[in-house]
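Let's go through how to read contacts between chains and between helices. Have a look at the model first.

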Amino acid sequence: MNVAASVSSSVDARLPAPMGLLLDRSKTVQFEFEGQTIQGIQGDSIGSALLANDQWLWSRSFKYHRARGPLTLSGHDGNTLVQLADEANVLADRTAADNGLVVSGQNVNGSLAKDKDAFLNHFGRFMPVGFYYRAFYKPKGIWDWWEKHIRAKAGLGVVDLKGQPEYYDKAYLFHDIVVVGAGPAGLTAALTAADAGAQVLLVEENPILGGSLTYADFPDHADPESLRQQLIGRVEAHANIRVMTSAICNAWFTDNWLPVLQGKRMYKVRAKECIMATGSYEQHVVFRNNDLPGVVMSSAAMRLMKHYAIKPGQEAVVVTGNDDGYLTALQLHRQGVLVQAVVDMRAAADSQKLLFDVEELGIPVLFESTVYEAVGGGDGDRVTAVDVRRIREPGKVADSSKMIRCDLVCMSAGYMPAYQLLCQAGGQLSYDDNKAEFSLRNLPEILHIAGSVNSIHTLDAVMADGQRAAFQALSALGMGSDQPLPEVACTRRMNYSWPIFPHPKGKDFVDFDEDLQSKDIVNATRLGYRDVQLVKRFSTVGMGPSQGRHSALPTARLVSKATDRTVTETGVTTARPPLVAEKLSYLAGRMFDPYRETAMHHRHKALGAKMIPAGTWQRPAYYPANIGLSIDQNSQPTRQNRDDCIEAEARHVRSRVGVIDVSTLGGIELRGPDAAEFMNRIYTFGFLKQPVGKTRYAVLTSDQGVVIDDGVACRFRDDHFYVTATTTGVSSVYQLMTFWNTRWRLNVDITNVTAAFAAVNLAGPDSRKVLETLTDLDLSAEGFPYLACREGKIKVPGSFSDTTDIPARLMRVGFVGELGYEIHVPSRYGEALWDALMSAGAAFDIKPFGVETQRLLRLEKGHIIVSQDTDGMSHPGELGLEWAISKNKPYFNGKRAVDIVMKRPQTRKLVGFTLPAELVKQGKKPEEGHIVLSDSSATSAITGHITSCEYSPAVGTIIGMAYVGIQQSEPGAQFPIRVEGGQLVNATVVELPFYDPEQARQEM
Amino acid sequence: MPFALLKYGLNKDYPFEQDADLPAPTSLKPHYDAVIIGGGGHGVATAYYLAKYHGITNVAVLEKGYLGGGNTARNTAVIRSNYLTSEGVKFYSESVKLFKDLSNEFDFNIMYSRRGQLTLAHTDSAIRAFRQRAEVNKHFGGKTELIGPQEIRELVPTLNMNPGHQPVLAGLWHMDGATARHDAVAWGYAKGATQRGVELHQLTEVTDVLVEASSSSSGGKVTGVKVRQGSAEHTIRCGVAVQAVSGHSTLLAEKAGFQLPIVSYPLQAMVTQPVKPFLDPLVSSPAFHCYVQQTGRGEIVFGGGSDPYPLYNSRSTLELKEQLLAHAVELFPFMANLKLMRQWTGLTDMTSDYSPIMGLSPVENYYLDAGWGTWGFKSTPICGQAMAELVATGKVPELIQPFSADRFSEFRQVNEMGATAASH
């Protein structure tokens, strides 16, 4: 192709105005297709620009690699999927032609014009419907080989694996009435509703308003364009109407919840009432080679002329089952196309005037005839002729044939309502045998339909129907008048009942996406797949990109005939969201990625902490700087580095003083006269008599009697509890509490205050000395004993003065087994608290420690971490928590189950164990998750697993906790653990805790 | 070109009826030895093994919709055995073994595809749990390993190793993880069962379960069912009845006069348009509530967690789609440009321990195949085999004894919670 010549010709050869409604002829666009430069006009789609350059071959089909080009030009078929540099499966007839696009065909092996896989087309007869179920598995094992080769051929476009998400976002809209589709019905409905005062959103998928008025001709209206101008003039000027063009309402969700995609945004629209004026899809005629480039819907040829000012061909044949074919023929003729024939499947035209007009132009009209076969062989396999035959009886033709030369075939077999959104809303399709048409019923009350989707086809009736639907919606909104709804009826018959002409040589396609021929559908039923859903699943009809828009109707007809049922009984397969394929970007939106930092986060960063996620939080695992290491946050420290850090931090806490940020710990505030009663009903311990100023261990069990959370409950006043929960468990604990209190209706206010408090645990023999410098509270062992809690003030560096007092909650807890204070302050003081402790602690060599170190320290004390040392079956008895279960309460959450499981003979128990330290060096230290066996034999059973295991510097051995069989659980018993590499090591059960069993250190 | 396909091409109009997979519909008989309620994979598998191993063929499978149209049609066809408990691993491993040979057994290609399943750990606690699952699997002969980031990169080079503040720390690599054409599994079983004389009645809804008083069982004894076909109603008698109606187990059990400890939640899945293959393993991330796989057709299938509230309705929602796909795009950023084609919903019968219920019910001769949550498809062969044995012998096979309904009242649960989240 001569590029320069084609550029000028493709622009100059356009039809004169008023053809070309979408074009802005003052601007051209240029892009690349298959290495060729394509010039188009502003307003072109990729597809129309290609056609303007006489490029009718766009892509290749899924199965047989047949030539693919335009079919509907409305963005509603799968034939037009092309590849962009960074995007697969792009609708060429929907996507705007843009400067610089690099476009190519899809599913091509080699070049688009000479696809090496096109040979598959000739093997079609060896690939009957569902052939892959019937072969490729004998002899046994051979499928593995076949599968690789078959899979390699699957798929359409190629994904750009290096692509990054673009910015997409979401917005919300609320309207009285949303009208979907701005054709004559939708425009009228919107105007009627807006005139009555309703706030209306009008959603139109095309760039301009008008729907069929933009491309169709009407027998009863000579000038649809002036009608369109008049309607949109009013719509656009109306204060009550918001118009969205190039916007697609892509689904219907419960209660008129409508995702509308426009640009790079998904609007989530809530409509009080919704009017769907979504129109209908023109249907094809099933004949041999009905998929060749150049064979299109009549409406596509009309769009090509009226939207894009492109002459669709030189010589056309129109095959029709309604009068729209005549209107197409007339328009083609007007635009200089030689119409070779109108092939009318019917015995007569409805409108004698149209017939007269066509015949007067010398266009032959052949009644009771059809195109039986299209012949390819043109450029890009474009159609060059058709074989026209007389119809003998439905689906059967005479032997004598008439070949007609043409490069364009326009098909008008009738219409299928755009039922998808309506069926998503629960609507059902029923088939009218007289009109050979599906119509919709059983719609929800908040949903109305108008126009051709409602089987109304004449223009005046369509507009009246729009008005009727608007009245209906208005009356539901209480904005209607008392007048009875107008009756709208349409007797115009649009559908030809059997536009299916099977050919003995096949290739008479029902489904273009999946290369399915009429016999494939029938043969599926012959194989026993009689239900239309089974036909779909077996043959894959309707499963491709166009989701059955054009295959559903012929499939329903073919299946109904083959199984001797009515078309209504046969039905169509379920329409599911979305309406058109939607980029994942629309749904992902801005990709909100919530994560939480504590108030002291920046201090940890400054100290070079190794951060790890804990639920949605980020927490310091340990501080490499404590041993003079500096580790890049993005690199993984070595195991040795980690172990060294933890050991150093642990030693420091045991010998001096350390501080850990425990802000992520859940915090729940309970206030009210019934707070104690509520606590008593939720947690296992007794709380009614808990003294003010004391803490109590709080265990939560589930309905299955399983321990699901734990924490410390502080009673600050009779009617005020503050209870902690695990970092990852607090949300569900809070949810459970509020769930129960909606039933119990106790006089208590429950608030999740996790984020409102920042907290640290100051621990170590010198912790009291550090804290003394910062508070006036009596910190003596008598004044603030172990397990007590206090409210007080902490002195921190002030903004305006040297120091300022901040409110704090303090509790003496023993989680890490040293003298220690948990200090909770309002979050905004978190950083100040940290700074105050670090500076006051400098004299005592205070060091921060991380959550991994804390895990070791608490393990040395034998404290469990719920979810690490418990699983979905752990009941209090297995965990040795009998002491934390009140025996004197009638009820706590999970009590019934706890009572039952604790009475049953126990099968396993969580125990402490030790192993020699040398195993660390030998690589045999058990890891958490390794399994415990009943014995060392080959037939051993699994009796448990390791939940926690570390080398303990304080104890000098490997220590851990594990579930073991009950017979293995006595102190002194030995049990085998299968460690890395399948080796067994024998651990010894010991009493807990490992460290400081007299608890002297924490009670100082 | 495989030999098996030649006959079609060389025959002008191949008589497909002689090769039919499913027989034409017949009338209901007044009595069957066994009635299986539910014509999904489990129902027809049970019928198949009853006929094949126990010679019991006076059997009717009653399906209110079409064959395999419930959760068999809606699941995402994951086959795996990397569970947590000994009971679970033993059970599902048997299923994987059976799956491997089904195509040749059926003479019908179910397109079993061993891809391997990779579950991602983003936290320490996930690593601990995965190590345990790997060890339990290995103990029972399974091929499952805990692997590190480098091996993950090699298996799935397109994966974002640092998604949304939750870096991928490790993975559970289950080499036996596989997929198959889910519908074909039901069709293959139905084909084998009906060829042996079992009757499959589609569009036949069981409207009531007939139970008479029994001296040996307080719940009574099943004697038959009432069914509706279109507008016609029939009563049929049976010796034994099995209920295999995933998603509606509680409703049917109520008709038989008892309650099941099951709550039904909608579970959604979705699929993109087909693209050229780039992803072999099944990849799942419990932390991101998301799993991703590419089908043999080239489509990308996404699944995630159940809807947050119970419902007997299979409508799809926008919210779940948004959450799930946002997570999918975090794991695979380039997928932002893929196009979603379809979303759908199934109903999952959840038990409190995330394990199924199989075996006896309070009603004599009325057997349960229920509580299949998100693990029903992968258990189809072994469950069918076990249920068939139960029907034929009246004794609960050892393999499924841990899954009895009374474990809930006795608190002897088989907790698979950690091993089922978003891995399906």
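Q: How many salt bridges are there between chain B and chain A?
A: Look for a side-chain nitrogen of Lys or Arg within 4 Å of a carboxyl oxygen of Asp or Glu. Between chain B and chain A the count is 16. One salt bridge joins the side chains of Glu87(A) and Lys339(B), at 2.8 Å from N to O. Keep in mind that this is a predicted model, where local features need pLDDT of at least 70, side-chain atom pairs count only at pLDDT 80 or more, and totals for chains, interfaces and linings use all residues. Side-chain values use heavy atoms, without hydrogens and water, and residues are numbered from 1 along each chain.

Q: What area do chain B and chain A bury between them?
A: The size of an interface is often given as the accessible area lost when the parts come together. Here that's about 9,300 Å², with 56% on carbon and sulfur atoms (1.4 Å probe, summed over both parts). On the chain B side, Lys276(B), Arg297(B) and Phe411(B) lose the most area, together 8% of what that side buries. Counting contacts (heavy atoms within 4.5 Å), 98 residues of chain B touch 105 of chain A.

Q: At what angle do helix 4 and helix 10 of chain A cross?
A: Fit axes to the C-alpha atoms over the stretch in contact, and take the angle, from 0 to 180 degrees, between N-to-C directions. Helix 4 (residues 184–195) and helix 10 (residues 459–476) of chain A come within 7 Å and cross at roughly 40 degrees. So helix 4 of chain A is oblique to helix 10 of chain A (that is, neither under 35, over 145, nor 65 to 115 degrees).

Note on methods. Chains are lettered from A and ligands numbered from 1 in the order in which they are written. Helices (H or I, at least four residues) and strands (E, at least two) are DSSP runs, numbered from the N terminus. Buried area is the accessible area (1.4 Å probe) that two parts lose on being put together, summed over both.
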